[in-house]
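I opened a fresh notebook page for this one. Here is what I looked up, in the order I got to it.

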Amino acid sequence: MKIVATVLALAVAVVGLVMFIRMIAKIVSVVKIGQPTLGRSDNPGSRWKNLVVETLGHTRMLQLKPIGVLHWLVMIGFIGLVLTLGQAIGQLFNPAFALPLIGHFPPYEWFTEILGWFTVIAILGLMAVRFFGVGPQKGRFFGSRTWQAVFVELVILTVGICILVLRGLEYRLFETAGPAEYATTTHFPLTWFLIPGGLSQATLETAIVLVAALKIIISFTWMIVLGLNATMGVAWHR
């Protein structure tokens, strides 16, 4: 089972990466049809500052509170949790795998778990607004059933859940098979309780591989969809 999951996950990853890169190259080639833009190399400090403030500060979306806050949390999660994809790939081959240097570094682990929970909660909030019109202002997304938007929301939700479940499984694996010093709330502050105790080492290792494979397949399926849809703005803007 683990072999099949690993092979399938890696195959989807390769296809997704190739298609994603090809579509990026296609978009760049279209942009290059235009004439070169002149006079945009001045004031690099001011330009980069504006880019960082507008992007990370989410200045436009934050005007649409509370939707803007939820969207900001999803954006930060989308960027800040990217290393968990590398973690999942390593876990296909070694369920106890941790990223070098930072894998068991408590500040990084706290950052990952806090951001993971915020991402899941925020995307559920945005989905509630879309489907149920939750909040005093329903907004322009209420009632929308655009498949691209729903697809992206489901990808973010499932990947976020996989991240949290993997953390819970890792805690139980360290508790069962060691090193025991990692099986503490210092390393797993917000996920230690997600998976029931008493599971065997073999069961935990198999579950980690399967959930990691699912996370990889979902992530690179997103890249495959983008690779087939150059004008899918709701995904490409990320």
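**Starting from one proline**

I began with Pro 100, which sits in the loop that links helix H4 (83-93) to helix H5 (106-132). A reminder to myself: this is a predicted model.

Next I asked myself: is Pro 100 buried or exposed? I found a relative accessibility of 61% for Pro 100, and because the exposed class begins over 50%, Pro 100 counts as exposed.

Then I picked Leu 73 as a partner for a distance check. Leu 73 and Pro 100 are 27 residues apart along the chain, and I get 26 Å between their C-alpha atoms.

**Stepping back to the whole protein**

How many helices and strands are there? I count eight helices and zero strands. Written out along the sequence, the pattern reads α-α-α-α-α-α-α-α.

For overall dimensions I took the C-alpha trace along its principal axes, and it spans about 60 × 45 × 40 Å.

I also looked at contacts with a separation of 6 or more. In the protein, 72% of these join residues 24 or more positions apart.

**Surface and charge**

The chain has 238 residues, and 40% of them count as buried. For the accessible surface I noted about 13,500 Å². Carbon and sulfur atoms supply 71% of that area.

My last entry is on charge. I have 17 positive and 9 negative charges in the protein. How far apart are their mean positions? The two mean positions lie 17 Å apart.

How values were computed
Residues are numbered from 1 along each chain as its sequence is written. This is a predicted model: local features need pLDDT of at least 70, side-chain atom pairs count only at pLDDT 80 or more; totals for chains, interfaces and linings use all residues. Side-chain values use heavy atoms; hydrogens and water are left out. Helices (H or I, at least four residues) and strands (E, at least two) are DSSP runs, numbered from the N terminus. Buried means under 20% relative accessible area, exposed over 50%, partly exposed in between (1.4 Å probe, protein chains only). Contact means heavy atoms within 4.5 Å. Accessible areas come from the Shrake-Rupley method with a 1.4 Å probe; for residues, only the protein chains shown count as cover. Lys and Arg count as positive and Asp and Glu as negative; His and the chain ends are not counted. The place of a charge is taken as NZ of Lys, CZ of Arg, CG of Asp or CD of Glu.
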